[in-house]
Amino acid sequence: MTDNAFRENVVVLTGGSSGIGREVAYQLAAEGAFLVLAAREPTLLETVAEECRRRGARAIAVPTDVSVEVQCSALIERAIAEYGRIDTLINNAGISMHARFDELKTVEPVERIMRINYFGSVYCTHYALPHLKRSRGRIVAVSSLAGKTGVPRRSAYSGSKHAMAGFFDSLRLELAGEGVSVTVIYPGFVATEIGTRAVGPGGKTLGKRPVRDAEVMAADECARQIIAAAAARRRELVMTRQGRIGQWIKLAAPGLVDRLILRTMERGR
Ligand SMILES: NC(=O)c1ccc[n+]([C@@H]2O[C@H](COP(=O)([O-])OP(=O)(O)OC[C@H]3O[C@@H](n4cnc5c(N)ncnc54)[C@H](OP(=O)(O)O)[C@@H]3O)[C@@H](O)[C@H]2O)c1
């Protein structure tokens, strides 16, 4: 709980049908937020919206592909038509990659990941920003520890998450004094369906979960931390002890961090 920072707060949440986004939706619903949920597949999305309403919140499902600019514009228009304002935008939709760069047949998957993770966040932010300035609202961007450092078999994903960090860190500076906070979130491994949607070798969707869920953070814990960071208008949140310590070690001994990452990935995570 976050002292009701999100009670009657109009939240546009992308990637709201699954994993971290679904948990954020449920926890915000419990706080009484007014939700606008976006993702591509409409049935799953509506199921989550329905569950949010059952928990006492107002919630609408707006099927959206965030990699298509006009759909992001329509998403924001729909939010305004429904609630008349936007208080919070959570750019959470994203897909990952589980393949070496030299296993891709073309660079199309790299462009696809960039369009979803980076441009999807940029488009939604562009259309929501005038409304967020009026409400002195909050922008949240869900990056990844792969947005802080390179990770093997995640080159395109890591690139897109570094791009998000650069964009939102810059935007925060531009918005200083305008009352709009920008919070960038860097989760470590979280137990979600991200592996099933990830780009695999050859560029096709992987369709399986390669991460051992029991050994990683639960999605509800990740959501709790995201909501608390957004409520407090923190500039960033780096999750996991390894993530926090790793960013300091990287300054002095980047080669050591590379070796630790290689070892972690070889253990199957
Ligand atoms: N799980 C992890 O270990 C982890 C770690 C660090 C960061 N993250 C980040 O956390 C965020 C959420 O990931 P997750 O782990 O919760 O994955 P997930 O369970 O696969 O959920 C991803 C969500 O994004 C939506 N989405 C995917 N492509 C989309 C598109 N083109 N347009 C609109 N929505 C789209 C999906 O719905 P549809 O497929 O129906 O569109 C789904 O709702 C991502 O940005 C991810 O990079 C995850």
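Let me begin with the sheet, in which seven strands are arranged in the order β3-β2-β1-β4-β5-β6-β9, forming an open sheet with parallel pairing. Because β3, residues 58–63, and β9, residues 236–238, stand at the edges and each has a single partner strand, one side of each is left without a neighbour in the sheet. From one strand to the next, the twist averages 15 degrees. I should say at this point that what we are looking at is a predicted model, so please hear everything that follows with that in mind.

As a reminder, strands of a sheet pair through backbone hydrogen bonds, and they do so either parallel or antiparallel. Within our sheet, strand β4, residues 88–91, runs parallel to strand β5, residues 138–142, and four bridges join the two. If you would like one pair to find on the screen, take L89, whose bridge partner in β5 is I139.

Turning to the helices, α2, which spans residues 42–54, packs on the sheet and touches β2, residues 34–39, as well as β3, with its direction making about 175 degrees with that of β3. Helix α7, residues 219–231, lies across β5, β6 and β9, where β6 covers residues 181–186, and this helix runs at about 145 degrees to β5.

Now to the ligand, and which residues come nearest to it? Of the 30 residues around the ligand, the nearest are S17, S18, R40, Y157 and T192. In the case of Y157, a polar side-chain atom lies 2.6 Å from an oxygen atom of the ligand, while for K161 an N or O atom in the side chain is 2.9 Å from a ligand oxygen atom. The backbone takes part in this list as well, since a polar backbone atom of I194 is 3.4 Å from an oxygen atom of the ligand. Taken on its own, the ligand has 880 Å² of accessible area, and the protein covers 97% of that.

As for where this shell comes from, α1 (19–30), α5 (155–174) and α6 (194–197) each supply at least two of its residues. Sorted by class, the shell around the ligand holds twelve nonpolar residues, twelve polar residues and six charged residues.

Methods:
Residues are numbered from 1 along each chain as its sequence is written. This is a predicted model: local features need pLDDT of at least 70, side-chain atom pairs count only at pLDDT 80 or more; totals for chains, interfaces and linings use all residues. Side-chain values use heavy atoms; hydrogens and water are left out. Two strands pair if DSSP finds at least two bridges between them. Axes are lines fitted to C-alpha atoms, for helices over the stretch in contact, and angles run from 0 to 180 degrees between N-to-C directions. Contact means heavy atoms within 4.5 Å. A residue is near a molecule or strand if one of its heavy atoms lies within 4 Å of it. A polar contact is a pair of N or O atoms within 3.5 Å; within protein, one must be able to donate a hydrogen and the other to accept it, and residues adjacent in sequence count only if both atoms are side-chain atoms. Accessible areas come from the Shrake-Rupley method with a 1.4 Å probe; for residues, only the protein chains shown count as cover. Ala, Val, Leu, Ile, Met, Phe, Trp, Tyr, Cys and Pro count as nonpolar, Asp, Glu, Lys and Arg as charged, and the others, Gly among them, as polar.
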